[in-house]
Amino acid sequence: MLVAGLLVGLGTGLGSGCTSGHGVCGLARLSPRSLVATLTFLVMAIITVFVVRHVIGGGA
Amino acid sequence: MKTLMGYIAGLLFGLGLAVSGMTDPARVLGFLDLAGAWDPTLMFVLGGAVVTNFIGYRLAFKRTAPVYGEAFQLPTRQDLDGRLIGGSALFGIGWGLSGYCPGPAIASIAGPSVPLVAMLVAMVAGWFLARAIPARS
């Protein structure tokens with residue numbers, strides 16, 4: 001949880017936005033930066049969950 | 001009045017996050033777990049929020065300035081850089097590990113737990129770390 005929190009903080013700090021900032025506000029303003037950011041963090045989050053649950057965890 | 005409006009907006013945002021299930025890491029991870037028992041409901045939360053916001057912006061920007069502010073403050077950058085994409089990728093990994101993104105994590109202070117507090121402390125540390133990394137230009 002500490003590692004995850006650090007990544008969330010560092011990532012949103014560097015990427016200047018999170019789910020609400022890029023995903024909700026940025027997409028609603030049709031911002032290309034926000035579209036790229038939203039796709040990037042969604043895909044990375046889906047891959048992470050897949051690895052944790054189905055590769056390391058062996059399905060759950 | 002500006003402070004009161006800010007408070008009401010924050011209250012509405014937090015209420016929306018809590019009611020929609022965004023503050024429940026198990027639901028968030030279920031949404032991200034396409035290969036497992038996928039729970040698509042949060043997609044409608046994001047989609048609904050974007051549509052509502054899109055309409056709201058259209059209405060709000062008919063004004064030249066906010067009702068309780070001097071001017072709208074909007075991002076103007078259009079370029080894609082490594083900081084945006086790399087940062088978003090790191091955030092995605094952290095989101096996938098914890099099930100918390102910043103808004104819901106902060107809203108969840110209403111019902112604190114040890115993992116949540118650990119996550120929040122590390123998140124704030126991450127923000128300071130990000131500010132210490134200078135932008136390459």
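Helix α3 of chain A, residues 32–56, is a good place to start in this predicted model. Helices here are DSSP runs of H or I with at least four residues, strands are runs of E with at least two, and both are numbered from the N terminus. The expected span of a helix is 1.5 Å times one less than its number of residues. For the 25 residues of α3(A) that gives 36 Å, and because the end C-alpha atoms lie 34 Å apart, the two values agree. Along the way, α3(A) bends by about 25° at F50(A); the bend is the angle between axes fitted to the seven residues ending at a residue and the seven starting there.

A word on conventions: residues are numbered from 1 along each chain as its sequence is written, and chains are lettered from A in the order in which they are written. Local features need pLDDT of at least 70, side-chain atom pairs count only at pLDDT 80 or more, and totals for chains, interfaces and linings use all residues, while side-chain values use heavy atoms, without hydrogens or water.

Now look at which parts of α3(A) are hidden. Buried means under 20% relative accessible area, exposed over 50%, and partly exposed in between, with a 1.4 Å probe and protein chains only. Among the buried residues of this helix are R33(A), S34(A), A37(A), F41(A) and L42(A). Their cover includes α2 (19–28) of chain A, as well as α2 (25–32) and α4 (82–98) of chain B.

Let us follow α4(B). The axes of α3(A) and α4(B) come within 7 Å and cross at roughly 35°; axes are lines fitted to C-alpha atoms, for helices over the stretch in contact, with angles from 0 to 180 degrees between N-to-C directions. The crossing is right-handed, meaning that the near helix is turned clockwise from the far one by less than a right angle (anticlockwise would be left-handed). Contact means heavy atoms within 4.5 Å, and the residues of this contact divide into 15 nonpolar, five polar and one charged. Ala, Val, Leu, Ile, Met, Phe, Trp, Tyr, Cys and Pro count as nonpolar, Asp, Glu, Lys and Arg as charged, and the others, Gly among them, as polar.

T40(A) offers a close-up of α3(A). At 16% relative accessibility, T40(A) counts as buried. Leaving out residues up to four places away in sequence, T40(A) touches I85(B), S88(B) and A89(B).

A second pairing joins α1 of chain A (residues 2–14) to α6 of chain B (residues 114–132), which pack at an angle of about 35° with their axes 6 Å apart. This crossing, too, is right-handed. Taking part are residues including L6(A), G9(A) and L10(A) from α1(A), and M119(B), A122(B) and W127(B) from α6(B). The residues of this contact divide into 13 nonpolar, five polar and no charged.

Finally, turn to chain B as a whole. Chain B has six helices and zero strands, and its C-alpha trace spans about 45 × 40 × 30 Å along its principal axes. Of its 137 residues, 30% count as buried. One to find is A65(B), in the loop between α3 (41–60) and α4. A65(B) counts as buried because its relative accessibility is 16%. Beyond its neighbours within four places in sequence, A65(B) is in contact with E70(B), A71(B) and F72(B). From A65(B) to L42(B), 23 residues away in sequence, the C-alpha distance is 33 Å.
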